[in-house]
Amino acid sequence: MSTHQWRGVIEEYRDLLDIPAGTPAITLGEGGTPLVTSRWLSEAGDAEVWLKVEGQNPTGSFKDRGMTAAISVAVHEGAKACVCASTGNTSASMAAYAVKAGITPIVLVPEGKIAAGKMAQAVIHGAQVIQVRGNFDDCLKLSRGLAEHYPVALVNSVNPVRLEGQKTASFEVVDRLGDAPDFHLLPVGNAGNISAYWLGYQQYAAAGKATKRPVMRAFQAEGAAPLVTGEVFPHPETKATAIRIGNPASWKLAEAAAAESGGRFASLSDTQILTAQRNLAARDGVFVEPASAAGVAGFLQDLERGESYAGKTVVITVTGHGLKDVATALESFGTLEPTVVDAEVDAAAAAAGLI
Ligand code: AN7
């Protein structure tokens with residue numbers, strides 16, 4: 001039996017990451033997340049469908065992979081404070097890793113558009129949380145401006161070290177499956193993650209650790225779909241607040257990933273995304289936040305449109321945990337009528353439909 005204890009993505013993959021030699025790892029044990037088979041999706045597509053469950057990271061999203069790298073390098077280079085713009089998950093992650101490192105986290109978020117769980121994370125970790133009258137894209141401009149004019153390290157994914165950490169997710173997929181999948185599907189917002197996955201898959205193929213590279217297919221909400229239309233969305237809108245982004249920073253890298261892999265972008269309605277979220281929870285036991293279900297919704301939309309995944313291996317990244325945004329998850333159920341009984345077995349049995 002293996003006694004190997006996961007050490008976090010920097011120590012597990014240090015030789016493969018472009019970070020300064022000898023950078024001490026600031027880690028919360030991120031990465032090593034489960035790859036879970038999905039029976040209903042496999043049956044729907046006559047394919048082998050796997051979910052990469054990134055909500056299992058320490059702060060509940062894939063952002064921890066990039067954040068361990070960005071914060072470790074920033075601290076190694078002498079940073080005393082760090083800043084990010086965020087739709088919620090980056091700020092939750094940055095706050096945790098910053099305090100772990102003993103530096104000050106400064107968070108810029110769009111006013112009123114952050115899921116409560118993510119806001120709670122940033123606050124409880126002690127971040128300086130600043131709400132901005134504007135959207136994520138405005139916040140990113142401020143974040144760049146603060147880093148340019150003040151002594152704070154910018155840890156948004158425009159910082160290339162973030163992608164170095166995030167690419168470890170593709171290493172894990174290949175290490176687990178023995179080769180790259182045929183297709184990789186995922187949600188896209190600011191477009192760092194698709195860019196990082198593609199970096200990782202290319203690197204593993206070049207090193208002979210995979211015989212192929214997957215086709216990358218990425219999905220946006222139709223109210224915030226600049227990579228689909230080719231136009232900036234000045235007023236992005238979607239219930240999947242994590243991907244409510246109109247002008248992705250890694251636009252060019254994401255387009256290259258799609259083009260070089262033979263992939264593409266497509267958009268989905270909020271209803272498609274929320275339905276996929278509910279089905280993932282009800283059928284696979286995997287509770288993700290709305291944005292995280294976009295890859296699954298995209299897979300189902302592809303099938304509806306006559307696309308074939310038959311006989312193929314498909315990995316779908318589900319990017320963040322459902323507990324981050326309980327309000328949106330429950331909204332679609334309408335008013336929940338509680339079932340209340342006296343403390344008697346027969347009453348509970350009747351209420352449960354057993355008699
Ligand atoms: C759950 O936290 O941009 O395309 O500021 O939280 O790499 O941006 C979050 C993005 C998908 C999109 N799923 O990833 C932020 C932020 C979840 C997310 C994305 C995000 P990218």
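This is a short selection tour through the cavity, the nonpolar cores, one methionine and the largest pocket of a predicted model.

**Stop 1: the cavity**

Start inside the protein. One cavity of 30 Å³ or more is counted here, and the space in the largest cavity comes to about 320 Å³. To find it, select F62, K63, G189, N190 and A242, which are the closest to its centre among the 29 residues that line it. Then colour α4 (89-101) and α9 (192-206), the elements that give two or more residues to this lining. The largest share, three residues, belongs to α9. If you colour the lining by class, expect 11 nonpolar, 15 polar and three charged residues.

**Stop 2: the largest nonpolar core**

Keep α9 selected, since this helix also gives the most to the largest nonpolar core, with five residues. That core has 32 residues, and those touching the most other members are V188, I194, Y201, M216, L227 and F265. Now add the elements that each supply at least two residues: α1 (9-13), α3 (63-76), α8 (168-177), α9, β8 (215-221) and α11 (251-261).

Which residues are in contact with F265, leaving aside its neighbours within four places in sequence? Show them as sticks: V188, I194, A218, L227, V228, A254, E255 and A258. Of these contacts of F265, V188, I194 and L227 are also among the core members that touch the most others.

**Stop 3: the second core**

Next, select L41, L185, A242 and V288. They are included in a second, separate core of 31 residues. You have already met A242 at the first stop, as one of the residues closest to the centre of the largest cavity.

**Stop 4: M119 and its surroundings**

Move on to helix α5 (residues 116-124), where you will find M119. Beyond its neighbours within four places in sequence, M119 is in contact with V109, I114, V129 and Q131. For a sense of scale, draw a distance from the C-alpha atom of M119 to that of P160: the two are 41 residues apart along the chain and separated by 25 Å.

**Stop 5: the largest pocket**

Stay with α5, because your last stop uses it: α5 and α14 (326-331) each supply at least two residues of the lining of the largest pocket. The space in this pocket is about 180 Å³. Select A115, A116, D325, A327 and T328 to land on the residues closest to its centre, out of 15 that line it. Here α14 gives the most, with four residues. By class, this lining has six nonpolar, four polar and five charged residues.

How values were computed:
Residues are numbered from 1 along each chain as its sequence is written. This is a predicted model: local features need pLDDT of at least 70, side-chain atom pairs count only at pLDDT 80 or more; totals for chains, interfaces and linings use all residues. Side-chain values use heavy atoms; hydrogens and water are left out. On a 1 Å grid over the protein atoms alone, a cavity is a set of points where a 1.4 Å probe fits but cannot get out, and a pocket is an open set with protein on both sides within 12 Å along at least five of seven lines; lining residues have an atom within 4 Å of a point. Grid points are joined across faces, edges and corners, and a volume is the space filled by probe spheres set on the points. Ala, Val, Leu, Ile, Met, Phe, Trp, Tyr, Cys and Pro count as nonpolar, Asp, Glu, Lys and Arg as charged, and the others, Gly among them, as polar. A nonpolar core is a set of buried Ala, Val, Leu, Ile, Met, Phe, Trp, Tyr and Cys residues joined through side-chain atoms within 4.5 Å. Buried means under 20% relative accessible area, exposed over 50%, partly exposed in between (1.4 Å probe, protein chains only). Contact means heavy atoms within 4.5 Å.
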